Amino acid sequence: MFDNNVFLENTCVNVRENEQIIGYEMQTNITYYRGIPLSMIEYIRVSTDGEEVPEEDIRISIDCNDWFTLKEAETVTTYKWEYGDPLYVRVLQEGGLSEGIHKIKLTVATRTAYIPVPLEGVKEREVMIDWEEH
């Protein structure tokens, strides 16, 4: 139902900090029709080329300034993920993604106050990483 909101096309890129590639990130929209605090994210899962990324390697941000682990996000009530604004999902992986085509699957589930089960969206995309762009 919400799969078209998940994993926005052409947003998967390697992330560079201090001249080093520290991982890769993508953007997603919310799997709900309203905004929620980050604490209402039930889970986020990333799979790269068929391998599940460990939860502790995933970070999220609504502004690309303040990043949270998924465990930290459980208590973050002051940052609100608004409908129509992307959430940045970063995977810490030294060297990021190698050049070429990769299959990335992103799963996002959120809780709401009046629906008893999490709203889940899943989207898998083939992404092309071109090192010459960076």
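This report describes the salt bridges and one nonpolar surface patch of a predicted model.

**Salt bridges**

Side chains of opposite charge can pair when their charged atoms come close. In the whole structure, a search finds four salt bridges. Three of them are described here, and the table gives the N to O distance of each pair.

| Pair | Closest N to O distance |
|---|---|
| R90 and E17 | 3.5 Å |
| E25 and R90 | 2.9 Å |
| E42 and R111 | 3.0 Å |

**The network around R90**

Which residues do shared salt-bridge partners join into one network with R90? The network consists of E17, E25 and R90. R90 forms a salt bridge with E17, with the closest N and O atoms 3.5 Å apart. Because R90 belongs to strand β9 (residues 87–92) and E17 to strand β1 (residues 13–17), this pair ties together parts that are 73 residues apart in sequence.

R90 also meets the side chain of E25 in a salt bridge, at 2.9 Å from N to O. Here too distant parts of the chain are linked: E25 is in strand β2 (residues 20–28) and R90 is in strand β9, a separation of 65 residues.

Is R90 buried or exposed? R90 has a relative accessibility of 9% and therefore counts as buried, the limit being under 20%. E25 is likewise buried, with a relative accessible area of 11%. E17, in contrast, has a relative accessibility of 40% and counts as partly exposed.

**The pair E42 and R111**

A further salt bridge is made by the side chains of E42 and R111, at 3.0 Å from N to O. E42 lies in strand β4 (residues 41–48), whereas R111 lies in the loop between β10 (100–110) and β11 (119–129); the pair links distant parts of the chain, 69 residues apart. E42 counts as partly exposed at 36% relative accessibility. R111 is also partly exposed, with a relative accessibility of 32%.

**A nonpolar surface patch**

Which residues make the nonpolar surface patch of about 400 Å²? The patch is made by Y33, Y83 and Y114. One of these residues, Y83, is located in the loop between β8 (80–81) and β9. Y83 has a relative accessibility of 52% and so counts as exposed, for which the limit is over 50%. Strand β9, which follows this loop, is also the strand that holds R90.

Technical notes: Residues are numbered from 1 along each chain as its sequence is written. This is a predicted model: local features need pLDDT of at least 70, side-chain atom pairs count only at pLDDT 80 or more; totals for chains, interfaces and linings use all residues. Side-chain values use heavy atoms; hydrogens and water are left out. Helices (H or I, at least four residues) and strands (E, at least two) are DSSP runs, numbered from the N terminus. Buried means under 20% relative accessible area, exposed over 50%, partly exposed in between (1.4 Å probe, protein chains only). Patches are made of residues with over 30% relative accessible area and no salt bridge: like charges are joined within 9 Å, nonpolar side chains (Val, Leu, Ile, Met, Phe, Trp, Tyr) within 5 Å. Accessible areas come from the Shrake-Rupley method with a 1.4 Å probe; for residues, only the protein chains shown count as cover.
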